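Visitor: I'd like a close look at one part of this model, namely its salt bridges. Could you walk me through them and their surroundings?

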Amino acid sequence: MSILAEVASGGVSGLLQGIGKAARDIRAAITGEEVLSAEARAELLRQATEIEKAILQADVEVVKGQLEINRVEASSTSF
């Protein structure tokens, strides 16, 4: 089989896969970060959503506490 026939029959695919892997390896070496799988990205997004939810719930509790303070102060005759 000639080189052109080999490239046409799948050599290009193997070559492109190799280039893609090399590009990912170079990125990892430069940034110190690995490319994440879709599952890993989804898990990180889920965790980030849970953290945001907890922060929002804490904010709600702070506002509720402030509302209670305001209610008590408003009902007090010493202010």
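Guide: Here is the overall picture, then the salt bridges, then the loop.

First, the ground rules. This is a predicted model, so local features need pLDDT of at least 70 and side-chain atom pairs count only at pLDDT 80 or more, while totals for chains, interfaces and linings use all residues. Residues are numbered from 1 along each chain as its sequence is written, and side-chain values use heavy atoms, with hydrogens and water left out.

The protein chain has two helices and zero strands (DSSP runs numbered from the N terminus: H or I of at least four residues for helices, E of at least two for strands). Of its 79 residues, 1% count as buried; buried means under 20% relative accessible area, exposed over 50%, and partly exposed in between, with a 1.4 Å probe and protein chains only. The accessible surface comes to about 6900 Å², and 64% of that belongs to carbon and sulfur atoms (Shrake-Rupley method, 1.4 Å probe; for residues, only the protein chains shown count as cover).

Now to your request. The structure holds three salt bridges, a salt bridge being a side-chain nitrogen of Lys or Arg within 4 Å of a carboxyl oxygen of Asp or Glu. Side chains of opposite charge can pair when their charged atoms come close.

Start with Glu43 and Arg46, whose side chains meet at 2.7 Å, N to O. These two sit three residues apart in helix 2 (residues 38-75), so about one helical turn separates them. Glu43 is partly exposed at 33% relative accessible area, and Arg46 is partly exposed too, at 43%.

Further along, Glu61 pairs with Lys64, with 3.7 Å between the closest N and O atoms. Again they are three residues apart in helix 2, so there's about one helical turn between them. Glu61 is partly exposed, with 49% relative accessibility.

Then there's Glu68 with Arg71, a salt bridge at 2.4 Å, N to O. Glu68 and Arg71 are also three residues apart in helix 2, and therefore about one helical turn apart. Glu68 has 36% relative accessibility, which makes it partly exposed.

Outside that helix, have a look at Val35, in the loop between helix 1 (3-31) and helix 2. Val35 is partly exposed at 45% relative accessibility. Leaving aside neighbours within four places in sequence, Val35 is in contact with Arg24 and Arg27 (contact means heavy atoms within 4.5 Å). From Val35 to Asp25, 10 residues apart along the chain, the C-alpha separation is 9.0 Å.
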